[in-house]
Amino acid sequence: MFKPKLVDTLKNYSRQQFSKDLMAGIIVGIVALPLAIAFAIASGVSPEKGLFTAVVAGFIISAMGGSKVQIGGPTGAFIVVVYGIVQQFGVNGLIIATLLAGIMLIIMGFARLGAVIKFIPHPLIIGFTSGIALIIFSSQIKDFLGLQMGAVPADFLDKWGAYAEHFSSVNWIALVMAAITVIIIQLWPKISHKIPGSLIAILLTTSVAYFFHLPVETIGSRFGSIPSSLPSPVFPQIDLQTIKQLMQPAFTIALLGGIESLLSAVVADGMIGGNHRSNMELVAQGTANIFSSLFGGIPATGAIARTATNVKNGGRTPVAGMVHAVTLLLIMLFIGQWASLIPMATLAGILVVVAYNMSEWESFLSVFKGPRSDVAVLLTTFFLTVLVDLTVAIEIGMVLAVFLFMQKIIKVSDVKSMTLQAEESGSDVDSIDDYQLPKGVEVFEITGPLFFGAAYKFKDAMRFIEKPPRILIIRMRRVPIIDATGIKTLQEVHKESRHRGTKIILSEVHSTQVLQELKDARLLFAVGKANVTETFTAAIDRSKKVLAG
């Protein structure tokens, strides 16, 4: 359960597989280079922090993870969250939030919540993912167009209002450079899958901008030079008040990181026919985020696109992911200083492509073909992500999804008088009349879960009994689960029935969970062991004895 996949891999590791992992790791490292820088800048921090994250967290996620081929590092999903934290609490606040998120992820893993996170509704995931994609796209318009303006407003609508005001200041050279970047990334796979199109775009546009002295903003002109080494780890200054303020943002990072890493692991399983260890993966993600924060990095998680690139290029073990991190470290040590020459318009073009791929517009539109409840969850999460806040979007989206699902379950649950109702299966094939129901006996059947959302149906059904019967048989063969409200409802019916002089017989309590709950609530004791029967025939026989007695 908590054993890294690397341990299993090294038992029968071959030189041939190492060659494949080495090549895949180098390719993924090259792919990750521009993305790590771009994600950091879009998140409101300096570019080297993305590299620190990709190196430190990427190595730990592969070495400790529960997936054979997972590639970890900074991702586009965190841009919105990280940017908001930096704007409100500064870089030190981000470091503390990332540290807290890492601790939360480790706790989630050891609490075996890996499987639970998988139950996040699909429309909710598509909703906030598409919302994040739109926000990423919106945040890149300034650099994509080379607009001459100050800081970009954080609010979505204000952002586009500011763009409209400064549209006349478009830098056409920056726009062409960004457009060329997008075209190269989209068309390059037709030429080669080995070398990433983003790297070709960076090499071409950077060279042109440098040698022709084009008037475009670069990483160096905005942020200065990029360090050529990893910093020493530093533990941040933490106090109780800061922890309270950053607990909610940290939980958002942990939840988002857990969801994305496990989604990526599931996708990877489908590509290689594997089976990841979800709880171990959460522990690895948590550890990676703790160390990323100590080195001044940003949040990290499993990256679906880089993981897929790893698999497509022959990576089949965690060694490939570790090589990817080492490759990034070597690039940073020896040629990192040249990264400061990269035009901001080029990075904007890369992120526009990332936003497009992340939008999953086909999945977004496909939800509209499904139930209205799914559409409601999708649109609510999407608009809250874009216009309000990602944390609020996830919280409200999840509550709405649960509420709408509960509404569906309530529709399935039913309570009916069985006096004239035909039976569907079992020994009681035709109708209740075949059992020669004694006079003074009323039969009700509960269908579906008897929980707080459906308990009122049982109460309403009881009110339609005009004259209290001497015997009330309650059939529970189709009740799979019961909660405290359901038990309370049965207890109230039993108490009222006893007050009216009606005897209750519980028939066909087949669910082990329901039977145990009724025992724990002492309801079976109150009804009487003899009045709890395994079959409907036995319930009728018992009613005859009670009437005769």
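In this predicted model, the lining of the second largest pocket divides into 28 nonpolar, 12 polar and six charged residues. The pocket holds about 1,000 Å³ of space. A total of 46 residues line the second largest pocket, and those closest to its centre are Val80, Tyr83, Gly84, Gln87 and Ala154. Helix H4 contributes nine residues, the largest share of this lining.

The largest pocket encloses about 1,400 Å³. Its lining is made of 43 residues, with Ile304, Ala305, Arg306, Thr309 and Asn357 nearest the centre. Two or more lining residues come from each of helix H2 (15-42), helix H6 (122-139), helix H9 (172-187), helix H10 (197-211), helix H12 (240-272), helix H14 (304-312) and helix H16 (344-359). By class, 26 residues of the lining of the largest pocket are nonpolar, 12 are polar and five are charged.

Apart from the pockets, the structure contains one cavity of 30 Å³ or more. The largest cavity has a volume of about 40 Å³. Ile474, Leu490, His494, Ile504, Leu506, Leu523 and Val527 form its lining. Helix H21 (484-500), strand S6 (503-507) and helix H23 (523-527) are the elements that each supply two or more of these residues. Six of the lining residues of the largest cavity are nonpolar and one is polar, while none is charged.

Positive phi values were computed for two residues other than glycine, Arg112 and Arg522. Arg522, with phi near 65°, is located in the loop between helix H22 (512-520) and H23. The relative accessibility of Arg522 is 54%, so this residue counts as exposed, the cut-off being over 50%. For Arg112, phi is about 60°. Arg112 is placed in the loop that runs between helix H4 (79-110) and helix H5 (114-117). Arg112 counts as partly exposed because its relative accessible area is 47%, a value between the limits of 20% and 50%.

On the surface, a nonpolar patch of about 680 Å² is formed by Phe59, Val326, Leu330, Leu333, Phe334, Ile335 and Trp338. Helix H15 (residues 318-335) provides five residues of the nonpolar patch, the largest share. One of the patch residues, Ile335, belongs to helix H15. Ile335 has a relative accessibility of 47% and is therefore classed as partly exposed.

Note on methods: Residues are numbered from 1 along each chain as its sequence is written. This is a predicted model: local features need pLDDT of at least 70, side-chain atom pairs count only at pLDDT 80 or more; totals for chains, interfaces and linings use all residues. Side-chain values use heavy atoms; hydrogens and water are left out. Patches are made of residues with over 30% relative accessible area and no salt bridge: like charges are joined within 9 Å, nonpolar side chains (Val, Leu, Ile, Met, Phe, Trp, Tyr) within 5 Å. Accessible areas come from the Shrake-Rupley method with a 1.4 Å probe; for residues, only the protein chains shown count as cover. A salt bridge is a side-chain nitrogen of Lys or Arg within 4 Å of a carboxyl oxygen of Asp or Glu. Helices (H or I, at least four residues) and strands (E, at least two) are DSSP runs, numbered from the N terminus. Buried means under 20% relative accessible area, exposed over 50%, partly exposed in between (1.4 Å probe, protein chains only). On a 1 Å grid over the protein atoms alone, a cavity is a set of points where a 1.4 Å probe fits but cannot get out, and a pocket is an open set with protein on both sides within 12 Å along at least five of seven lines; lining residues have an atom within 4 Å of a point. Grid points are joined across faces, edges and corners, and a volume is the space filled by probe spheres set on the points. Ala, Val, Leu, Ile, Met, Phe, Trp, Tyr, Cys and Pro count as nonpolar, Asp, Glu, Lys and Arg as charged, and the others, Gly among them, as polar.
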